[in-house]
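Q: Hi, could you walk me through this one? I'd like to go part by part.

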Amino acid sequence: MRRAGSLLVLLLAWQGAAEAHWLNPLLVPPPTQVAKALGALFQNGQIWGHFGTTLEEALGGLTVGIVAGGVLGAAAALWPPLAELLQPAMTLLNAVPRVILAPLFIIWFGIGVASKVALSFLLVAVTIFFAMYSGIREVDPRLVDRVRTLGGTGLHLVREVYVPSVASWLLGSLKIAVGFAFTGAVVGEFVASSRGLGYLLSFAQSTYNASLTMALICLVVAVTYALFAGFERLERWIFRWREGRPTPARVPLRQRQDAASRYAAEKTP
Amino acid sequence: MNALEIRGVKVAYGARPVLDGVTLEVPLGGFVALVGPSGCGKSTLLRAVAGLTPTQAGEVRLFGQPVQGCSPDIGFLFQEDALLPWRTALENVALGLRFRGAMRETARAEAARWLARLGLRGVESRYPHELSGGMKKRVAIAQVLAPRPRVLLMDEPFASLDAIVRLLIQQDFLRLVQDEQLSVVLVTHDLEEALLLADHVAVMSAGPGAVITRVYPVPFPRPRDLVGLRGDPAFGALARAVWDDLQREVARLGWEVPA
């Protein structure tokens, strides 16, 4: 409520500043003009095709990235040689801004959907890899002992201990991954494409159309935020047993990476 | 017949011996407390008996039968409560029953009875983070006892509680042990607790390669007055004797805890 209120105040101030001619409307168009541009996008209906393309790329990258990152992360956690093998590559990929690979992916996969899915896949997979890996490695050994001494077997351990502990790491990262999936798709389109919100953005920018650019930015922010909020609600419901603890998403990536390198260091003499 | 017989159990972590042939008997319905210098391997012995740590030699017999791995007749109460944070108090207590194949409703009804026995009516649907330290300890006790183990291993279970809560829980716990006719091994660093609760106190030597050096009988009749007993001259004399023994073990280490 307060957030909505402060947003409204900001918009009114912006509008007022524009009406008073304090702002150059070519550079900073007033909210009404941005809204008009946004309305026009929906009115002629062309937006849906572009929107669909970006959504398809983002969701494609998200799905494949979650599966691949999850499987690789689980495999590395359960089989240390693989962790040692993947460690340097994953640490490097985690440390650099992965979007710099966008031009390379365009060369490899063309200017179509594939290169954007690949970029968004890479962004998502690395995040999920570390979440899955840390989630399994950091399972509380005391809970494992507890279940075993109560007569629990392998399947009980997985259901009662491993799945819930890993889920708490994974769901936090999933929120971040949704944002990454859209980053990958839009940035990929921005570099080279013929469709999608990133393509529209690139078009708006090249024609110096500030209101269209802002309208598109608002659209991308709204979609990502809606997905993010959806995941957060799901997370709150699943983790109703948890109190006031920071979700693993708020644990800085660096720290999670540290958990990974600590483990690798332990394994290498 | 003995409830539990530990014969020549050896445990080593790599090349470092931790236990070098530990032998200990717990009679049926007996309560043995295990004291020793810190780091001497008391917890390792419990873990070996529970099947959580592999042994290099020796055997563990439960009612005359050798045990391998985790036995359903052995309950283990840990120092930390180690309740599953994503399960309610009731679900936590029902866990062991469910693992043994009880139907969901049967297990829940039985778990509710156990919570009531520990004076915890009304907390069934609370999660562990919503319980106080003492309540969590009671839930943990209910969780371990609900599947009806016949031997109970305890690794400093009351160490984390404040003095008043500890006394209350110890009293209730002793009653449960008697009602359930449990045979108990209690590892503790608290000499007074050992003498108040147990009817035998076994002293472990300093590691590495620890053994049990002596077992003292604790002759005080039950039920015991956990507050009044401390003032008993016989209690003081026994505490002094065990303490002198312990002190010799600690001195052998030059007052250092082994690395």
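**Domains, sheets and the chain contact**

A: Happy to! In this predicted model, the domain assignment splits chain B into domain 1 (2-73 + 149-252) and domain 2 (81-148).

Q: How far apart are the C-alpha centres of domain 1 and domain 2 of chain B?

A: They are 25 Å apart. The contact between them draws on 11 residues from domain 1 of chain B and 11 residues from domain 2 of chain B.

Q: And which element gives the largest share on the domain 1 side?

A: That's helix H5 (residues 163-180) of chain B, with 6 residues of the side of domain 1 that touches domain 2. Sorted by class, that side of domain 1 has 8 nonpolar, 1 polar and 2 charged residues.

Q: Nice. Let's move to sheets: what's the strand order in the one with 6 strands?

A: In chain B the order is S6-S7-S8-S3-S9-S10; the sheet is open and its pairing is mixed.

Q: Why do S6 and S10 of chain B each have one side without a neighbour in that sheet?

A: Strand S6 (74-77) and strand S10 (212-217) of chain B stand at the edges with a single partner strand each, so one side of each is left free of a neighbour in the sheet. On average, neighbouring strands here are turned by 20° against each other, ignoring direction.

Q: How does S3 of chain B pair with S8, parallel or antiparallel?

A: Parallel: strand S3 (residues 31-35) and strand S8 (residues 183-187) of chain B are joined by 4 bridges. If you want a pair to click on, B:Val32 has B:Val185 in S8(B) as its bridge partner.

Q: And what about S3(B) with S9(B), parallel or antiparallel?

A: Also a parallel pairing, over 4 bridges. There, B:Ala33 is matched with B:Val201 of S9(B).

Q: How many residues of S9(B) are buried?

A: 4 of its 5 residues, so to speak mostly covered.

Q: What does S9(B) do with S10(B), in terms of bridges?

A: S9(B) and S10(B) run antiparallel, with 5 bridges joining them. One example is B:Met204, whose bridge partner in S10(B) is B:Ile212.

Q: OK, now the sheet of 4 strands. What's the order there?

A: S2-S1-S4-S5 in chain B, again an open sheet, with antiparallel pairing. Strand S2 (16-27) and strand S5 (65-66) of chain B are the edge strands, and each pairs on one side only.

Q: How many bridges join S1 and S2 of chain B?

A: There are 9 bridges between strand S1 (residues 2-13) of chain B and S2(B), and the two run antiparallel. Within that pairing, B:Leu4 has B:Val26 of S2(B) as its partner.

Q: Which strands does helix H1 of chain B lie across?

A: Strands from both sheets. Helix H1 (residues 42-50) of chain B lies across S3, S6, strand S7 (151-155), S8 and strand S9 (200-204) of chain B, at about 150° to S7(B). H1(B) also lies across S1, S2 and strand S4 (57-62) of chain B, and there it runs at about 115° to S1(B).

Q: Changing topic: how many helices and strands does chain A have?

A: Chain A has 11 helices and 0 strands. Of its 269 residues, 36% count as buried. Looking at contacts in chain A between residues at least 6 apart in sequence, 77% of them join residues at least 24 apart.

Q: What end-to-end span should helix H1 of chain A have?

A: Helix H1 (residues 2-19) of chain A has 18 residues, which at 1.5 Å a residue should span 26 Å; the end C-alpha atoms are 26 Å apart, so the two agree.

Q: How many of the 18 residues of H1(A) are buried?

A: The count is 0, so H1(A) is hardly covered. After H1(A) comes A:His21, with a positive phi near 60°.

Q: Last one: how many residues does each chain put into the contact between A and B?

A: Chain A gives 14 residues and chain B gives 18 residues. Helix H7 (141-149) and helix H8 (154-191) of chain A each supply at least two residues of the chain A side. H7(A) has the largest share of that side, 6 residues.

Q: And the classes on the chain A side?

A: The side of chain A that touches chain B has 4 nonpolar, 4 polar and 6 charged residues.

Notes. Residues numbered from 1 in each chain as written. Chains lettered and ligands numbered in written order. Predicted model: local features only at pLDDT ≥ 70, side-chain atom pairs only at ≥ 80, totals over all residues. Domains from an automatic or database assignment. Contact = placed C-beta atoms within 7 Å. Nonpolar A, V, L, I, M, F, W, Y, C, P; charged D, E, K, R; others polar. Pairing = 2+ DSSP bridges. Axes fitted to C-alpha atoms, helices over the stretch in contact; angles between N-to-C directions. Buried ≥ 20, exposed ≤ 12 C-beta atoms within 10 Å, placed from the backbone. Expected span 1.5 Å × (residues − 1).
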